[in-house]
Amino acid sequence: MEFARAPVTAVTDFPVPGMQSFRSTKRGVEDATNLEDKSATMNVLCPHCETANRVPRERLADGPSCGACKAALFDAHPVELAGPAFRRHVANSELPLIVDFWAPWCAPCRMMAPVFERAARELEPHARFAKVNTDQEQELAQSLGIRGIPTLAIFKGGKEVARTSGAMDESRFVAWARSHI
Ligand SMILES: [Zn+2]
């Protein structure tokens with residue numbers, strides 16, 4: 001395993017300061033009146049324009065497109081996220097977010113990249129796959145306590161629910177991801 005060049009500080013608890021969970025922004029009265037509606041649809045952030053789209057759960061696999069930019073909400077590829085976009089996806093999407101924290105100079109990351117790409121094809125639309133370049137997003141990597149790369153992490157409901165480090169083969173990675181989404 002190689003280590004990120006970003007300066008290392010103490011591991012901080014998730015959520016990152018300024019990050020708000022999707023559920024906490026809902027008022028109780030809306031929760032009560034829209035309960036049925038909310039379980040039938042889910043909030044999916046467009047990977048292209050970051051608009052929140054409400055998608056019926058049973059239509060997730062039917063190739064839904066974004067109401068704002070018309071692009072496909074799922075194109076079987078990981079989306080490259082900068083810090084602010086990453087935070088919006090964690091906070092506002094009800095879809096599990098599976099993230100590959102990587103850097104261009106890291107050889108194990110290059111081994112992991114095609115595995116991650118194939119896993120996206122296999123597991124979308126049940127999760128959103130994203131990549132965060134820790135060279136470009138050093139502050140974010142530091143705030144999440146990312147110390148070695150590649151680090152694979154899964155975020156659900158505004159919180160990190162699983163993390164592992166080091167390259168994996170596809171079957172092991174997909175099994176790990178499935179067990180947390
Ligand atoms: Zn869009």
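The exercises below, each with a worked solution, concern a predicted model.

**Exercise 1. Helix H4**

Work out what span helix H4 should have at 1.5 Å a residue, and then establish where H4 bends and which strands and helix its buried residues pack against.

*Solution.* Begin with the length: H4 covers residues 107-123, and at 1.5 Å a residue its 17 residues should span 24 Å. The C-alpha atoms at its two ends are 25 Å apart, which agrees with that expectation. Next, follow the axis along the helix, where a bend of about 30° is found at Ala-113, with a proline, Pro-114, following within four residues. Then list the buried positions, which are Cys-109, Met-112, Val-115, Phe-116, Ala-119 and Ala-120. In an α-helix there are 3.6 residues a turn, so residues three or four places apart point the same way. Finally, look for the partners of these buried residues of H4, which pack against strand S5 (97-102), strand S6 (128-133), strand S7 (148-149) and helix H6 (170-178).

**Exercise 2. Strand S8 and its sheet**

Determine how many residues of strand S8 are buried, and then place S8 within its sheet by identifying the strands joined to it.

*Solution.* Take burial as the starting point, for which a residue needs 20 or more other C-beta atoms within 10 Å of its own. Five of the six residues of S8 (residues 151-156) are buried, so the strand is largely enclosed by the rest of the structure. Now turn to the pairing: S5 is joined to S8 by five bridges, and the two strands run antiparallel, with Asp-100 standing opposite Leu-152 in S8. Six bridges join S8 to strand S9 (residues 159-165), again in an antiparallel arrangement, and here Phe-155 stands opposite Glu-160 in S9. S8 and S9 form a hairpin with two residues between them, and Gly-157 in the turn has a positive phi of about 55°. Assembling the strands gives an open sheet of five, in the order S4-S6-S5-S8-S9 and with mixed pairing. Its edge strands are S4 (79-80) and S9, each of which pairs on one side only. To complete the picture, add helix H3 (residues 83-92), which lies across S5, S6 and S8 and runs at about 150° to S6.

**Exercise 3. The setting of Asn-133**

Decide whether Asn-133 is buried, exposed or partly exposed, and identify its contacts beyond four places in sequence.

*Solution.* First locate the residue, whose place is in strand S6. Because Asn-133 has 19 other C-beta atoms within 10 Å, it is partly exposed. Leaving aside neighbours within four places in sequence, Asn-133 is in contact with Trp-102 and Ala-103. Lastly, the C-alpha atoms of Asn-133 and Pro-104 are separated by 7.8 Å, although the two residues are 29 residues apart along the chain.

Methods
Residues are numbered from 1 along each chain as its sequence is written. This is a predicted model: local features need pLDDT of at least 70, side-chain atom pairs count only at pLDDT 80 or more; totals for chains, interfaces and linings use all residues. The expected span of a helix is 1.5 Å times one less than its number of residues. The bend at a residue is the angle between axes fitted to the seven residues ending there and the seven starting there. A residue is buried if 20 or more other C-beta atoms lie within 10 Å of its own, exposed if 12 or fewer, and partly exposed in between; C-beta atoms are placed from the backbone. Two residues are in contact if their C-beta atoms, placed from the backbone, lie within 7 Å. Two strands pair if DSSP finds at least two bridges between them. Axes are lines fitted to C-alpha atoms, for helices over the stretch in contact, and angles run from 0 to 180 degrees between N-to-C directions.
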